[in-house]
Amino acid sequence: MHKKGCVVSPRSLTRDEITAVSARLSDRDLVVLKRVSDLRFVSGRQLTRLCFVDGSDPKASARTSRRSLLRLTRLDLLARLPRRVGGVRSGSAGFVYRLGIAGQRLAEVRGWQPERLRRRSLVPGSLFLEHTLLVAELHARLTEAERSGRIELLELAAEPLCWRYYFGGFDGQRECLKPDSYVRLGIGPYEDSSFVEVDRGTIGSRTIEKQMAVYAAYHRTGLEQERTGVFPRVVWLASTAERTRTLNDCIEQQPSDERPLFVACKFEDALHVLAGGG
């Protein structure tokens, strides 16, 4: 198809060619690419924790991770952002990865993403990137907790797979609820489900209260209860204790019958709260 040592432009890759590339990837390669497809931006350190735990030797896991991520990057299945998390001293673990153009095409062929315009020069703003990496960190911590036997992770979805569509408002138009993640955990004989909002403290109280009102409107439709039997708790994860108090103040501004839908806590307490804690 092409000469040895040459790289076919990702834009020219057909569905059949991408399928052939996919067939040569290992199961773990596909797991890595699916993780990045789901989370959009993930650091090398987070990908090591999510996908490269080899026994009890963290150094071996890190080496395997570096080799695999470098190979996937050279194939343009992954791409690195120009800046690292933690600066140059963070080493290769500080690289932030997204799908490369070939990776985007692979994600479309495998049904992970819809067909769309593929862009090589996607560089997110710092606030968006910090928020997205925090969502990835939550997924890494939940995965590690399941691996250690602390929780049973039944379902974990990031945007847009966790979005919920419904008809609401005064005009009856189609609305979309957009949590950052949806989590369903097994707790002994019971299950706990949550919509998660990762809060960076960058939006005001009025915007938060409007977001809470959207959750309450979706709750009133009964769609989630009909689909799953329960309505998930809406867990707001804050970066500081002060921000947690602000979120709790917003909860107090909601109608009394809607306040039990929400809980706010610090990000460090996420596992405890998502597993049914107060």
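Which residue just after α5 takes a positive phi? In this predicted model, the residue is G111, whose phi is about 80 degrees.

## Helix α5

Helix α5 covers residues 101-109, and nine of its nine residues are buried, so the helix is largely enclosed by the rest of the structure. A residue counts as buried when its relative accessible area is under 20%. The residues concerned are I101, A102, G103, Q104, R105, L106, A107, E108 and V109.

What do these buried residues pack against? Their partners are two helices, α1 (15-23) and α2 (27-39), together with the strand β3 (96-99). Just after the helix comes G111, with the positive phi already noted.

## The sheet

Strand β3 also belongs to an open sheet of three strands, arranged in the order β1-β3-β2 with antiparallel pairing. The edge strands are β1 (42-43) and β2 (78-80), each of which pairs on one side only. In general, the strands of a sheet pair through backbone hydrogen bonds, and the pairing may be parallel or antiparallel.

Between β1 and β3, the antiparallel pairing extends over two bridges. S43 has V96 of β3 as its bridge partner.

## Residue H139 in helix α6

Helix α6 spans residues 126-147 and includes H139. Is H139 buried or exposed? Its relative accessibility is 3%, and H139 therefore counts as buried, since the cut-off for that class is under 20%.

The side chain of H139 makes a polar contact with the side chain of S181, at 2.8 Å. Leaving aside residues up to four places away in sequence, H139 touches L39, L50, L156, A157, A158 and S181. S181 thus appears both in the polar contact and in the list of residues that H139 touches.

## The cavity

How many cavities of 30 Å³ or more does the model contain? The count comes to one. The largest cavity holds about 50 Å³ of space.

The lining of the largest cavity consists of D38, L39, R40, T132, V135, A158, E159 and D180. Helices α2 and α6 each supply at least two of these lining residues. By class, the lining has four charged, three nonpolar and one polar residue. Two of the lining residues, L39 and A158, are also among the residues that H139 touches.

Notes. Residues numbered from 1 in each chain as written. Predicted model: local features only at pLDDT ≥ 70, side-chain atom pairs only at ≥ 80, totals over all residues. Heavy atoms only, no water. Buried < 20%, exposed > 50% of the residue type's maximum accessible area, 1.4 Å probe, protein only. Helix = DSSP H or I, 4+ residues; strand = E, 2+ residues; numbered from the N terminus. Contact = heavy atoms within 4.5 Å. Polar contact = N/O pair within 3.5 Å; in protein donor to acceptor, adjacent residues only side chain to side chain. 1 Å grid on protein atoms, 1.4 Å probe; cavity = no way out; pocket = protein on both sides within 12 Å on 5 of 7 lines; lining within 4 Å. Points joined across faces, edges and corners; volume = space filled by probe spheres on them. Nonpolar A, V, L, I, M, F, W, Y, C, P; charged D, E, K, R; others polar. Pairing = 2+ DSSP bridges.
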